[in-house]
Amino acid sequence: MAYGYVFLPLEFTSLLQMNMQTSGEGYNLLKRHFWYLPQFQSIASRATADLGIKMSFEQTINTLGWLGLRDRMAAYYLKHQLQGYYSETTTLELIEDILELEERLKNIGLSGYSRAFLFGFYLKMGYFEEKMRSGVVAKKNMALISDDVFEALSLVEKRVIGIDWLCLSLHYLLKSCGKEKVLKHLKKGGGFESLKSELSPQDEFLMTKAFLAYGASINHQEAFFNPTV
């Protein structure tokens, strides 16, 4: 699965990066600004069309919660990416693998944030785009990250907000340094920066290129002057 640039909906990916608890900045941004944008309303209303009525913000959150709305909108975007056109309804079938990824990483990420979900959404949108472009039939669900990445993540002792960046970093470190070296290093308490210093110039270039592509995809501008490892 390639880690290149993927065109993603700005408002939606912005919310997935933020604290969406009711007292969080993201929740307030959704309530006061994003909810009333025409492009956001168009997707939100279609993603909830099966509920039968056009609901206000309060009705939507009371009925679905943020996570319920998030899941429906993600599934709708993915269906468009898979089919190439917007349909009137959608189902949650296309996000089953993303939800599984999020569940497996829930003890590492911070509650209130959807960063694991964001990473899965990015990978899935990129995969569907790639298959559509090549004319190959895409699988509806798949393993989004490798078992080696999960094994390395099991050694993480602290919760982190940027679980998406951590997954991306581990993917390239495992690919370049090998599983044995990465796991041994992490078990000894070594940091990612020291592992990164062992990369060849070519591997470091590919890793940085992937960071920039992901940062551009999710509109994380900090990635362009301070790549996260």
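**Leucine 144.** I looked up leucine 144 in this predicted model and found that leucine 144 is buried, with a relative accessible area of 6%. I then placed leucine 144 in the chain, where this residue lies in the loop between helix H6 (115–134) and helix H7 (147–153). For a partner remote in sequence I checked isoleucine 98, which is 46 residues apart from leucine 144 along the chain, and noted that the two C-alpha atoms are separated by 7.6 Å.

**Cysteines.** I next asked how many disulfides the structure holds, and the count came back as 0. To see why, I took the sulfur of cysteine 167 and searched for the closest cysteine sulfur, which belongs to cysteine 177 and is 17 Å away, too far for a bond. For that step I kept in mind that a disulfide requires the two sulfur atoms to be within 2.5 Å. Starting from cysteine 177 instead, I arrived back at cysteine 167 as the residue with the closest cysteine sulfur, again at 17 Å and too far for a bond. I also looked up the accessibility of both residues: cysteine 167 is buried at a relative accessible area of 3%, and cysteine 177, at 16% relative accessibility, counts as buried too.

**H3 against H4.** I turned to the packing of helix H3 (residues 38–47) on helix H4 (residues 57–83), where the axes are 9 Å apart and the angle is about 100 degrees. I therefore recorded H3 and H4 as roughly perpendicular to each other. From H3 the contact draws on Phe40, Ile43, Ala44, Arg46 and Ala47, while H4 supplies Leu69, Arg72, Met73, Tyr76 and Tyr77. Sorting the residues of this contact of H3 with H4 by class, I obtained 8 nonpolar, no polar and 2 charged.

**H2 against H4.** Which residues does helix H2 bring to its contact with H4? I first noted the geometry: the axes of H2 (residues 25–32) and H4 come within 11 Å and cross at roughly 140 degrees, which makes H2 oblique to H4. I entered the crossing of H2 and H4 as right-handed. The contact is then made by Tyr27, Leu30 and Lys31 on the side of H2, and by Phe57, Glu58, Ile61 and Trp66 on the side of H4. By class, I found that the contact of H2 with H4 consists of 5 nonpolar, no polar and 2 charged residues.

Definitions and conventions: Residues numbered from 1 in each chain as written. Predicted model: local features only at pLDDT ≥ 70, side-chain atom pairs only at ≥ 80, totals over all residues. Heavy atoms only, no water. Buried < 20%, exposed > 50% of the residue type's maximum accessible area, 1.4 Å probe, protein only. Axes fitted to C-alpha atoms, helices over the stretch in contact; angles between N-to-C directions. Helix = DSSP H or I, 4+ residues; strand = E, 2+ residues; numbered from the N terminus. Parallel < 35°, antiparallel > 145°, perpendicular 65-115°, else oblique. Contact = heavy atoms within 4.5 Å. Nonpolar A, V, L, I, M, F, W, Y, C, P; charged D, E, K, R; others polar. Left-handed = near helix turned anticlockwise from the far one by under 90°.
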